Amino acid sequence: MGTRWVRVSVKLDRSKLVKWDDLAMSGVIECTEDVIKKAAQALKDGNLVAFPTETVYGLGAEATNERAVSRIYSVKGRPIDHPLIIHVSSINLLKEWARAIPDYALELAQRFWPGPMTLILTRSNLAKNFITGSQESVGIRVPAQPIARQLLLEFEKLGGQGIAAPSANRFGAVSPTTASDVEKELGNFLSRNDQILDGGQCLIGLESTIIDCTNPKPVILRPGAVTSEMISNLVGADLGSNENKVKTSGLLELHYSPKAKVLLGKTVNPGDGFIALASIRTPKGAHRLASPSDVEGYARELYIALRSADRQGINTIVVIPPEGTGLAEAIRDRLLKAAGR
Ligand code: TXA
Ligand code: MG
C-alpha cells in the first residue's frame with residue numbers, strides 16, 4: 001500500500017535550547033525551521049500532526065476546527081466524551097480559553113509553564129463541546145519542549161489559537177515517548193497529509209501533572225513531574241492524598257496498559273519481563289526490560305520498556321515500583337493503572 005503519511009525528522013538548533021539543554025541526550029541536533037512551518041500549515045489546513053513534548057508525544061489538531069478534532073477521536077479510537085488538552089505557546093493565551101481563573105492557578109502557571117503541567121479551568125466560549133466532552137471546564141498546557149514550542153509559535157502566526165493534543169496512542173494504550181512508537185501505534189490510522197515530527201526520546205517520559213483549578217483549592221487529578229510538594233510549596237495548600245484522588249477520578253483513562261499483564265512486586269517466573277531500579281538484581285530466568293539508575297530514568301524508560309515487552313511477545317511483566325514521593329508517585333499511579341484489570 002505504501003506510506004500514506006509523512007514522518008519528518010526535525011533537527012533542532014542547539015542555540016535555541018535555552019531551558020532544555022538536556023534534550024541533547026535524546027539525539028536532537030540541528031533545526032530546520034522550515035519543517036516546523038510546514039507542520040504548522042498542515043495543522044491549519046485541518047490535518048493531524050503528532051509532535052514531541054517533554055512528557056510524551058501528542059497527536060495534534062487545530063483546537064477550533066471541529067472536523068480536525070473529530071479525526072483525533074477516530075484515529076485514537078477514543079470515546080467522544082473524553083476531553084482534550086489544549087496546548088498554547090504562553091500564559092498570555094490562557095484568558096482566551098478560560099475565565100474566572102483563580103489566583104493560585106495564575107501562580108502555578110507563572111511558576112511551572114512552560115512545563116509538564118496541565119491546568120483544568122472554567123472554559124471560555126472558545127472551548128467548544130467538541131473539545132471539553134461537553135463539560136464546563138477545559139484543560140490547558142504550555143509545553144516546554146523546543147519543537148512543540150516552535151510549532152505552537154508558527155501555528156499562532158498563522159492565526160491558530162491552540163493545538164488540541166491527547167497522547168499519541170490508541171485509547172487505553174501506553175503513551176508513546178519516541179516518534180517510532182507513534183508510528184507503530186498510529187501509522188495505520190493516519191492519512192496522507194498527516195505528519196509525525198521526530199524530536200527523539202521524550203525527556204520526562206510520563207504525562208503531565210493535571211491540576212483541577214475549578215475549586216477554591218487545587219486538586220491533583222493526575223500526578224506528574226510537577227509534584228504535589230512543588231505545588232503545595234508554591235500555593236501553600238494542603239492537597240491531601242493525591243493517589244486516592246486520582247483513583248476516584250471518573251474522567252481520566254483507566255489504563256495506560258500494554259498487551260502483557262503487569263504485576264506489581266509479585267514472584268517472577270522464568271520468561272517473565274522484569275522492570276526495577278538497577279540496584280535490584282534480575283531474578284533467575286526473567287527478561288530484564290529496564291534497569292534505570294534513578295527515579296527520573298525510571299519515568300523516562302518505563303513506557304519504552306512496556307512497549308518492548310509487547311514487541312517481544314512477553315505475556316507477563318513483573319514490576320518493582322520505586323518508593324518515595326515526587327516523580328515516584330506518578331510512576332506508581334501509572335503502574336497501578338497498567339496493572340488494574
Ligand atoms: O503530558 C500530557 O498531558 C500529554 C501531552 C501530549 O500534552 N497529553 C495527554 O493527553 O496526556 P491525554 O488526552 O492523553 O490525557 C489527558 C487527560 C485525559 O484523561 C482527559 O480525560 C483529562 O486529561 N482531561 C482533559 N480535559 C479535562 C477536563 N476539562 N476535566 C477533567 N479531565 C480532563
Ligand atoms: Mg492519553
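**Entry 1. Overall composition**

I began with the secondary structure of the protein, which comprises eleven helices and 15 strands. I note at the outset that the model is predicted. The protein has 341 residues, and I found 57% of them to be buried. I then looked up the contacts between residues at least 6 apart in sequence, and 68% of these join residues at least 24 apart. For the accessible surface I recorded about 14400 Å², with 50% of that area belonging to carbon and sulfur atoms.

**Entry 2. Ligand 1**

I next looked up where ligand 1 is placed, and it sits in the largest pocket. Two elements give two or more residues to the shell around ligand 1, namely strand S4 (85-87) and strand S7 (137-141). The largest share comes from S7, with four residues.

Which residues come nearest to ligand 1? Of the 23 residues around the ligand, I listed Thr-55, His-87, Arg-141, Ser-208 and Arg-222 as the nearest.

I then noted the polar distances to the ligand's oxygen atoms. For His-87, a polar side-chain atom lies 2.7 Å from an oxygen atom of ligand 1. For Arg-222, the corresponding entry is 2.8 Å between a polar side-chain atom and a ligand oxygen. For Arg-78, an N or O atom of the side chain is 2.9 Å from an oxygen atom of ligand 1. On its own the ligand has 670 Å² of accessible area, and the protein covers 99% of it.

**Entry 3. Backbone geometry**

I turned to the backbone with a general expectation in mind: most residues other than glycine have a negative phi, and most peptide bonds are trans.

I found a cis peptide bond between Trp-113 and Pro-114, with omega at about -10 degrees. Pro-114 belongs to the loop between helix H4 (103-112) and strand S6 (117-123).

I also recorded a positive phi at Ala-100, a residue other than glycine, with a value near 50 degrees. Ala-100 is in the loop between strand S5 (98-99) and H4. Is Ala-100 buried or exposed? Its relative accessibility is 61%, so I entered Ala-100 as exposed.

Ser-134 is another residue other than glycine with a positive phi, near 65 degrees. I located Ser-134 in the loop between helix H5 (129-132) and S7. S7 is also the strand that gives four residues to the shell around ligand 1.

**Entry 4. Arg-123**

I placed Arg-123 in strand S6. Its relative accessibility is 11%, and Arg-123 therefore counts as buried, the limit being under 20%. The side chains of Arg-123 and Asn-129 are joined by a polar contact of 2.9 Å. Beyond its neighbours within four places in sequence, Arg-123 is in contact with several residues, among them Trp-97, Ala-98, Arg-99, Lys-128, Thr-132 and Val-138.

**Entry 5. Asp-181**

Where does Asp-181 lie? I found Asp-181 in helix H7, which spans residues 179-186. I classed Asp-181 as buried because its relative accessibility is 5%. Setting aside residues up to four places away in sequence, Asp-181 touches Pro-176, Ile-304, Arg-307 and Arg-311.

**Entry 6. Arg-281**

I looked up Arg-281 and found it in the loop between strand S13 (273-275) and strand S14 (287-290). At 75% relative accessibility, Arg-281 is exposed, because the limit for that class is over 50%. With residues up to four places away left out, Arg-281 touches Phe-274 and Arg-288. I also recorded the separation of Arg-281 from Ser-291: the two are ten residues apart along the chain, and their C-alpha atoms are 9.2 Å apart.

**Entry 7. Ala-328**

My last lookup was Ala-328, which is in helix H11 (residues 327-339). I entered Ala-328 as buried because its relative accessible area is 1%. Outside its neighbours within four places in sequence, Ala-328 is in contact with Val-295, Pro-322 and Glu-323. How far apart in space are Ala-328 and Gly-224, C-alpha to C-alpha? I recorded 8.9 Å for this pair, whose members are 104 residues apart in sequence.

Definitions and conventions
Residues numbered from 1 in each chain as written. Chains lettered and ligands numbered in written order. Predicted model: local features only at pLDDT ≥ 70, side-chain atom pairs only at ≥ 80, totals over all residues. Heavy atoms only, no water. Buried < 20%, exposed > 50% of the residue type's maximum accessible area, 1.4 Å probe, protein only. Contact = heavy atoms within 4.5 Å. Areas by Shrake-Rupley, 256 points an atom, 1.4 Å probe, with all protein chains shown as cover. Near = heavy atom within 4 Å. Polar contact = N/O pair within 3.5 Å; in protein donor to acceptor, adjacent residues only side chain to side chain. 1 Å grid on protein atoms, 1.4 Å probe; cavity = no way out; pocket = protein on both sides within 12 Å on 5 of 7 lines; lining within 4 Å. Sits in = over half its atoms within 2 Å of the grid points.
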